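Morning, everyone. Please look at the structure on the screen while I talk. I'll take the chain contacts in turn and then zoom in on a single residue.

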Amino acid sequence: MAKGMVIIDVERCKGCGLCTHVCPVNILELSPDTFNAKGYRPVTVTDMDECIGCAACATICPDVVFTVYRQRRQRATATA
Amino acid sequence: MNTTTQIPENMELVYQYPDSMTKTYTHYCPGCVHGIVHRLVGEVLDELDLREKSIGVAPVGCSVLIYNYFNVDFVEAAHGRAPAMATGLKRTNPDKFIFTYQGDGDLAAIGTAEIIHAANRGELISTVFINNAIYGMTGGQMAPTTLPGMKTTSSPGGRDCKIAGYPIKMSEILAQTEGAAYITREAGTDIRSIRKLKKAIKRAFLTQIEGLGFSCVEVLANCPTNWNMDPWESMLWSKEQMTPYFPLGTYKMREEVKALKV
Amino acid sequence: MTKELLKGNVAFAEAAVRNGLQAYFGYPITPQSEALEHFSGRMIELDRVFLQAESEVAAINMVYGAASSGVRVMTSTSGPGLALMAEGLSYIAGSEIPVVVVNMMRGGPGLGNIQPSQADYNFMTKSAGHGNFHPLVLAPANIQEIIDMVGLAFELAEKYRTLVMIAGDGSIGQMMEAAELPPMQEISTARPAWAVTGAVGRAPNLITSLYLGAEKLEKVNIRLQQKLATIEENEIRWQEYETEDAELLLVAYGTVGRICISVLRAARQQGLKVGLLRPQTLWPFPTARINELAAQMQGVLVAEMSAGQMLVDVEHAVAGKTPVRFYGRMGGVIPMSAEILEAVKQVQEEVS
């Protein structure tokens, strides 16, 4: 089960690739075979199950491409 | 969309588009730090609930069209005159939040007098200053902040400081003015610096709201297009080459500013 | 109300205060510094905005900022300062916001001197900055008139959302005479719908002169020109003195216009049928009226404290109907009425 997930607004993406360098789980890459309406190769997620919802991609993205979700913290009832 | 919009029950939203910004696509080149800083400004306007009381002052330079990207009243200043316009606005609208957004040509060359005097008067305005060591909009000419030896279209052999003088350190200069309450130099080039930068912008905006004096956040940025680099390479270059000449840090922070909860 | 003995610079400043001025930004320059000094006391005392800027460049941009939010704002200066303001004046014209600027002309070019002059006529009337525009330029000839024109200037600036300039000169700024000030007017708290006041319950407002598309900017220019055409239709002002039976027309404005009233009286005493037309607006210019009067004249004499700047507009207005001659003094020299009378006589001899 993924700890996080991102929604990518493909049309906003300019394919700068900054997010691909900062993703700690390396699940972002520029689309090898698709283009958006502006002609850029937009970012895609290779394996959403690996996403940890850290929002590093959203933090560095100059074009506000990402919406980020993260698993709610479990109540601290379980023992560590 | 290449992902599903079905959000699992156990997920919460941690990042979404700032309300203070329009959905207009920016005209910036891919990988430009302007986009990042715009977004941070939008986030801070949201968090401090400032959108409806804000009047932005747009500069001349790459960010000349900034008003297209914010749901905020804006005026378009002449090159370098944003702090003077902001002064006129703030003095006649003391209950409004007035900010300027300026580049290095705008603030550190043609508008040097206006920014220094606005700072020195302790003008209750906030300035976001993007320093990318080059004139982006006009096609990559030498900026007042172009590094020694750096090649630009108007210093093709590299900046010769004997001819062109030295890169000007604005935060250090502004920090000397009595009226400045908060002057800091940050970077927008990696996750850590961007998170810190956002806090700095928030502190600068709060400085104005609390009436503490002039505030300015300098941002070391990039220009992949005119530096002839790919975006990531430009981020690394900014960190490696700009930071030694323009050290990051808070150059002035009054006690009352330090006490602000950011 | 009663008349008081007032210095020109103080008179126009106090008139502005009483006309509900909300903010003044300026930089000291002779021969108008008394105005800035007057504002510095009065505006603060009334809890309004006064700020001495670091330069005229900054001052006009402070004015531009304040005016963008729809408040009544002005500045005042003299030639060298006006040159520094040219950038801001153009942005103000391009953004179509109401601003009033008083220029107390002094001798030029360059640092020149601080004596009265009318050498900024072309600068003010022909554009006052880059791009296609004219400020509306009012030309007072005495203290009462500059007081009255301050109120008119605000009215016209706000009516047309345009730049209005008052073209005084060193002597109007410096001389004292009895005049009546207007009653104190309340400050208006209302802001026009176009102003930047914070986007509450409406789409954001934008004050800009930037239009990147050529067609778009041409449209803006066409609309600006249409507005200027409306101003030309409605706002041309002048005064005539004894033109009914005149055979020789004097055209002069401001201080020289006032001197020419004496010239006219002296000429009439000597049996010369002289009339005077004194433009009160330099742009728009009373072209049609001068053209009309030219038909009955044997000649026209233009008198100015310049090398002959308004002269070109008069020649254009006369359109060859009758000879146009010029008498001017420069560098801060005020012509004596006797000199102008001599020039009148010369024209009379030449044409009769």
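How many residues does the contact take from chain C, and how many from chain B? It takes 35 from chain C and 32 from chain B. Before I go on: this is a predicted model.

Stay with chains C and B. Together they bury about 2400 Å². Carbon and sulfur atoms account for 61% of that. Now the charges. There are three salt bridges between these two chains. One of them pairs C:Glu87 with B:Arg81, and their closest N and O atoms are 2.8 Å apart. Add to that 14 residue pairs in polar contact.

Which element gives the largest share of the chain C side? That is H3(C), with eight residues. Sort the residues on that side by type and you get 21 nonpolar, ten polar and four charged.

Strands meet here too. Strand S3 of chain B, residues 73–76, is joined to S9(C) by two bridges. These strands run parallel. Within that pairing, B:Phe74 has C:Leu206 as its bridge partner.

Next, chains B and A. Here 39 residues of chain B contact 41 residues of chain A. The buried area is about 3300 Å², with 65% from carbon and sulfur atoms. On the chain B side, B:Met11, B:Tyr25 and B:Trp232 lose the most area to chain A. Together they make up 19% of what that side buries.

How many salt bridges does the rule find across this interface? Zero. Polar contacts do appear: 17 residue pairs. S1(B) gives the most to the chain B side, with five residues. By type, that side has 20 nonpolar, 13 polar and six charged residues.

S1(B) also pairs with a strand of chain A. Four bridges join it to strand S4 of chain A, residues 66–71, and the two run antiparallel. Look for A:Tyr69, whose bridge partner is B:Leu13.

Last stop: C:Gln309. This residue sits in the loop between strand S14 and helix H11 of chain C. Is C:Gln309 buried or exposed? Its relative accessibility is 14%, and the cut-off for buried is under 20%, so C:Gln309 counts as buried. What does C:Gln309 touch? Its contacts include C:Gln118, C:Ala119, C:Asp120 and C:Tyr121. C:Asn122 is on the list as well. A polar atom of the C:Gln309 side chain lies 2.8 Å from the backbone nitrogen of C:Asn122.

That's my tour. Over to you.

How values were computed
Residues numbered from 1 in each chain as written. Chains lettered and ligands numbered in written order. Predicted model: local features only at pLDDT ≥ 70, side-chain atom pairs only at ≥ 80, totals over all residues. Heavy atoms only, no water. Contact = heavy atoms within 4.5 Å. Buried area = accessible area lost by both parts, 1.4 Å probe. Salt bridge = Lys/Arg side-chain N within 4 Å of Asp/Glu carboxyl O. Polar contact = N/O pair within 3.5 Å; in protein donor to acceptor, adjacent residues only side chain to side chain. Nonpolar A, V, L, I, M, F, W, Y, C, P; charged D, E, K, R; others polar. Pairing = 2+ DSSP bridges. Buried < 20%, exposed > 50% of the residue type's maximum accessible area, 1.4 Å probe, protein only. Lists of a residue's contacts leave out its neighbours within four places in sequence.
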